[in-house]
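Biologist: Let us test the labels against their cut-offs. Show me the model, and start with what a label means.

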Amino acid sequence: MDEIDDLGRSAGRAARKRGQRLAPLVHLDTNQPERSDMNKRTAWIAAAAATVLVVAGVVAIASVKGNESVQTTSTIEPAPLSSTSSPASTETTQVTTTNPSTTDVPLTVEPPEQVALEQASIWPGADIVFDTPQDAASDFVRSVLGVEPVLGEFRELDSRSGEIEVRSNADAPPGTTFPRALLQLRQLRPTDGWYVISANSGGASISLPTAGAEVPAGPLTVEGEGRGFESTLNVVAFVAGPGYSDLDLVIASGGAFEQNEPFSATVDLSQASPGDVVTILVRGDTGLSEDPGEFAAIPVVIAPQMTAVTPQTDHPAVRGAIDFNLDSEPARPPALFGYDLFSEINDKELIADVTSVLGAVDDDTGWTPMPEALACTGATEYRSLLWDDVRFVVHRTADFGPTLAAWSIGDVTLLYSPALDNDIIAQSDLTTAAGIGIGTPAAELDDVGFDQILYEDNQVSGLAFIGPVVFTLDNSDQITAMSFEQNDC
Amino acid sequence: MLRRSSSERAFDKVFRTERSKLVALAWSMTGREDAAVDLVQEVFLSAFADWERISQFDSVGAWLRRATINRSISWQRRARNEREVVEKLGYISAIDRPVSAADTTASAAGALDDDGFWSLVRELAPRQQAVMVLRYVEDLSVDETAAVLGIEVGTVKSAAAAGRSRLAAALERHPDRERMEENRG
């Protein structure tokens, strides 16, 4: 492996040199008025981009092989140059596809006008219409999986639905193919076009979320089973449509050989908008670029933004929200939703992030003067936030912060933060990636990897980054609460 | 007006300090100098269009790197699709074809040099590529890589391990292997 590091470092140096050669430092005349500087920069970037876009603007690819033809014309128009407005670009695409068994099939990409289909689909976007299921399936395989389609026959289930097998000839004897996954297709109103509504295979399945589920525009835990080359499963989230790009891609670990194994991954959907249909694709790696691999895909719908102050009491477990950070480098404190202690944070962002998962905040003290009894914390103000049984306490002084001072689950009586009167409204079901959370037997903490574990009556302290995570236990030694807090007093 | 000037200066500073680094990232993921420059230009256009918001991020550099990596991955996908169609016609030339491991291994004289290393990296899964280029081009730690990609540290570690394992396997198969061994010896 050292050999790879040696090669990598050398290649990295070469890449940096190339970057400096291709993009030398631009010296600005800083004596000019600032406004002029910006105009020059805007015009320069816009002009350069315009050149790029115009050069790349017209792409025509024509392919003729037997009775198959593909013709693509893409026109990208640069936005008008302006020194005061933000640059922008518009894109119009016209694609004509002929598949082997049909005559020309027009594929029309309309301007971005939202079309509400009767059912969420994984491909194509609602504003694209394919007249045959074969065309929809081919476009999915080519555009999303990045391989040339090798498809089985369309098997009709009823007059408006059916399924098509995605096959592969990679590493197969000449002239043979083998199945990889099954696409479910349906003709959907109001466009009456054909859409891929889901995909499944023996080597990949998604159990969470469910197809068509409403999910927040934030972290989304995807669970299921799968297998792939060297255990690698690619979990991808994207909004279908022309020119799409991944919202997120996470590598998960599944089975390496014939057996599927459970996987769990958290994809970030924060870039999606309410109403967007997001495709969640789980695909086993094959190590072969021409093989689509085994895969499963479902659509989910981004929920409208939550504005009502309604306690959400029935959300699913959020695996991975708790991270004790025991193997991070450099060391980091235990974190909740990625927020850890001792560094400055934006409390508004914290609220937005947690709200996107747990719903509206149940209790917010706002910025409140710190009681004298807790002056030892060094903070002059605190803000306590509560979602169900999840609490964050944020501190600040006149010249520093806010910083996260404590987080807890199932406990509103943190030692070094003002107590809350609230009763716990509901259990949040947050867990670590390994599933440690409220209700977990304390014995499982032995395997978490704390530097040291201290047992005292109904409490367990797991030593982590500059202090312990404190777990409270019930009479059957199950975890009822956990907390981590700044203990400067 | 004063506030806008400050914002503009901040953009200029970021542009000047980050551009060459981002081009290096994009080049290592595309293997094409023109594409790398174009992609980074698009990233800055995008950043400029939404600068009021982006400039408020804790780390603008992380956002720029993530945007560059995402665009490079999308570019790879588009290029692969286009190449497969065009190759059917026999129109593609060696110059037009993005450098890939297939090119490297197919060429008996093709030494596994710096470019060859990146062509092997480009055969990895996207997230593994991202982790590798941030590690070797940017010298980022696991923690910094996780912050840039917005993923868990554990995910970075697993992607790095998987990527290195696949690179090691590719190196074993590389036709230039014997010469490398001799040089090392």
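Modeller: A residue is buried if 20 or more other C-beta atoms lie within 10 Å of its own. Keep in mind that this is a predicted model.

Biologist: What makes helix H6 (residues 114-121) of chain B mostly covered?

Modeller: Six of the eight residues in H6(B) are buried. They are Gly116(B), Phe117(B), Trp118(B), Ser119(B), Leu120(B) and Val121(B). Each therefore has 20 or more other C-beta atoms within 10 Å of its own. Across chain B, buried residues make up 45% of the 185 residues.

Biologist: How many helices and strands does chain B have?

Modeller: Chain B has ten helices and zero strands.

Biologist: Why are H1(A) and H7(B) called roughly perpendicular?

Modeller: Helix H1 (residues 2-22) of chain A and helix H7 (residues 126-136) of chain B pack at an angle of about 75°. The range for roughly perpendicular is 65 to 115 degrees. The angle falls inside that range, so the pair is roughly perpendicular. Their axes are 8 Å apart.

Biologist: Which residues meet there?

Modeller: On H1(A), Gly8(A), Arg9(A), Ala11(A) and Gly12(A). On H7(B), Met132(B), Arg135(B) and Tyr136(B). By class, this contact has three nonpolar, two polar and two charged residues. Gly counts as polar, so Gly8(A) and Gly12(A) are the two polar residues.

Biologist: How do you know that S9(A) and S11(A) pair?

Modeller: Pairing needs at least two bridges. S9(A) and strand S11 (residues 219-226) of chain A have four bridges, so they pair, and in the antiparallel sense. One bridge partner in S11(A) is Glu223(A), which is matched with Leu208(A).

Biologist: What makes S9(A) and S14(A) edge strands?

Modeller: The open sheet has the order S9-S11-S14 in chain A, with antiparallel pairing. Strand S9 (204-208) and strand S14 (261-268) each pair on one side only. The twist averages 35° from one strand to the next.

Biologist: Which residues have the most contacts inside the largest nonpolar core?

Modeller: Val196(A), Leu269(A), Val278(A) and Val40(B), in a core of 114 residues. Core members must be buried, so Val40(B) is buried. Leaving out residues up to four places away in sequence, Val40(B) touches Ala23(A), Arg19(B), Leu22(B), Val23(B), Ala26(B) and Thr68(B).

Biologist: How many residues are in the second, separate core?

Modeller: That core has 37 residues, including Val393(A), Val394(A), Ala464(A) and Phe484(A). In soluble globular proteins, nonpolar side chains tend to be buried together.

Notes
Residues are numbered from 1 along each chain as its sequence is written. Chains are lettered from A and ligands numbered from 1 in the order in which they are written. This is a predicted model: local features need pLDDT of at least 70, side-chain atom pairs count only at pLDDT 80 or more; totals for chains, interfaces and linings use all residues. Axes are lines fitted to C-alpha atoms, for helices over the stretch in contact, and angles run from 0 to 180 degrees between N-to-C directions. Angles under 35 degrees count as roughly parallel, over 145 as roughly antiparallel, 65 to 115 as roughly perpendicular and the rest as oblique. Two residues are in contact if their C-beta atoms, placed from the backbone, lie within 7 Å. A residue is buried if 20 or more other C-beta atoms lie within 10 Å of its own, exposed if 12 or fewer, and partly exposed in between; C-beta atoms are placed from the backbone. A nonpolar core is a set of buried Ala, Val, Leu, Ile, Met, Phe, Trp, Tyr and Cys residues joined through C-beta atoms within 7 Å.
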